[in-house]
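Thanks for sharing this one. Here are some notes to read with the structure open beside you.

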Amino acid sequence: MLKLQFKDQRQPAFWVVEKLYSIGSDADNNLVLSDEGIAPLQARLIATAEKIFLKDNNSESGCFVNGQRITQKEILPGDEIQLGPVRLEVLDPGEDTHPGAQSTDPWRLVASGSWLSGQSYVIPNEGSVVLGRSNQCDVVIPGTHLSRRHVELRVQGGSLRVKDLDSVNGTYLNDRPITDALAHGGDQLRLDVYTFNVISPVGDRQRTRLRATSTINSVPAPRAPRPPPTAEKPRRWKLRPTSPGNRQEPTYREQRQERWLWLVVVAAAVLLVVAFYWV
């Protein structure tokens with residue numbers, strides 16, 4: 001999530017919770033700017049898992065970050081965005097807007113889905129708030145998926161206590177069914193099909209600040225050098241003696257000597273036979 005503030009203080013600082021946030025003069029945009037020089041769709045804020053980018057929509061007046069015209073650029077706390085004549089400041093959610101000022105922001109639920117997307121519901125620091133579709137609830141959402149009295153919310157120390165009031169379709173915190181649990185800044189609360197981001201005055205700001213700091217200062221660890229190559233010993237293949245390529249063929253001289261030896265043996269045998277019959 002991101003928090004922006006107009007440099008001319010035309011309205012209070014506001015949170016950007018949508019993953020795709022459009023800015024322009026057209027009434028269908030998330031942030032409508034009626035200033036001269038603003039295109040119907042001037043730019044978009046695109047949120048990924050770890051970063052938020054400002055992307056220009058080929059506008060004539062352009063998009064600028066810290067005085068430099070950009071096509072697409074990651075934005076961080078402390079950056080200044082200029083869209084035509086409009087200047088916006090990216091606030092550090094972990095610090096007060098003005099030096100010496102004390103934070104008075106309450107806990108809030110910001111809808112992130114369905115037809116409620118972008119709507120914010122304040123949870124006061126004192127007392128409890130009951131949310132449901134009944135007109136007698138503190139926060140009334142006329143949705144058929146909600147029970148008449150669906151859930152009770154109460155600030156408890158540095159957490160938000162969430163208590164399911166025996167609802168039909170259940171209450172889920174970070175996609176886990178609960179009956180009575182503590183929520184913290186950055187958690188996701190779901191009441192059947194209605195999803196809300198939990199915004200805390202302190203906890204979620206610290207989480208956002210730590211994420212931004214790690215993005216700026218993190219340096220990828222150098223890869224360990226590869227060990228120097230070692231000379232490999234020649235492989236000795238063991239072949240079967242019967243392999244044709246492994247037999248040792250006799251030379252011509254050895255073959256000739258072998259033939260003479262056989263002739264001598266045969267001749268001697270013949271002489272022995274003749275001598276035997278002669279005697």
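Which residues have the most contacts inside the largest nonpolar core? Let me start there, with the reminder that this is a predicted model.

1. **The main core.** The largest nonpolar core holds 25 residues. Leu109, Ile123, Leu131, Ile141, Leu153, Leu160 and Phe196 are the ones with the most contacts inside it. Several strands give two or more residues each to this core, including S12 (107–111), S13 (120–123), S14 (128–132), S16 (151–156) and S17 (159–164). Further along the chain, S20 (180–183), S21 (188–191) and S22 (194–199) do so as well.

2. **Leu160 close up.** If you want one residue to click on, try Leu160. Leaving aside residues up to four places away in sequence, Leu160 touches Trp107, Leu109, Ile123, Leu153, Arg154, Val155, Ala181, Leu182, Ala183 and Val198.

3. **A second core.** Apart from the core around Leu160 lies another one, made of 23 residues. Phe14, Tyr21, Leu54 and Cys63 are among its members.

4. **The five-stranded sheet.** Next, please trace the open sheet of 5 strands, whose order is S15-S14-S16-S17-S20 and whose pairing is mixed. S15 (139–140) and S20 are the edge strands, each pairing on one side only. Within the sheet, S14 and S16 run antiparallel to each other over 4 bridges, and Val129 stands opposite Leu153 of S16.

5. **Strands S3, S5 and S6.** What is the sense of pairing between S3 and S5, parallel or antiparallel? S3 (residues 20–24) and S5 (residues 43–47) are antiparallel, with 4 bridges, and Tyr21 faces Leu45 in S5. That Tyr21 also belongs to the second core. S5 pairs with S6 (residues 52–56) too, again in the antiparallel sense, over 5 bridges. Ile46 has Phe53 in S6 as its bridge partner, and the hairpin formed by S5 and S6 has 4 residues between the two strands.

6. **Trp15, buried or exposed?** Trp15 sits in strand S2 (residues 14–16). Its relative accessibility is 13%, so Trp15 counts as buried, the cut-off being under 20%. Do look at Ile199 while you are there: Trp15 and Ile199 are 184 residues apart in sequence, yet their C-alpha atoms are 9.5 Å apart in space.

7. **A nonpolar surface patch.** Finally, please look at Val266, Val270, Val274 and Trp278, which form a nonpolar patch on the surface. Together these residues have about 460 Å² of accessible area. Val274 lies in helix H2, which spans residues 252–278.

Conventions. Residues are numbered from 1 along each chain as its sequence is written. This is a predicted model: local features need pLDDT of at least 70, side-chain atom pairs count only at pLDDT 80 or more; totals for chains, interfaces and linings use all residues. Side-chain values use heavy atoms; hydrogens and water are left out. A nonpolar core is a set of buried Ala, Val, Leu, Ile, Met, Phe, Trp, Tyr and Cys residues joined through side-chain atoms within 4.5 Å. Buried means under 20% relative accessible area, exposed over 50%, partly exposed in between (1.4 Å probe, protein chains only). Contact means heavy atoms within 4.5 Å. Patches are made of residues with over 30% relative accessible area and no salt bridge: like charges are joined within 9 Å, nonpolar side chains (Val, Leu, Ile, Met, Phe, Trp, Tyr) within 5 Å. Accessible areas come from the Shrake-Rupley method with a 1.4 Å probe; for residues, only the protein chains shown count as cover. A salt bridge is a side-chain nitrogen of Lys or Arg within 4 Å of a carboxyl oxygen of Asp or Glu. Two strands pair if DSSP finds at least two bridges between them.
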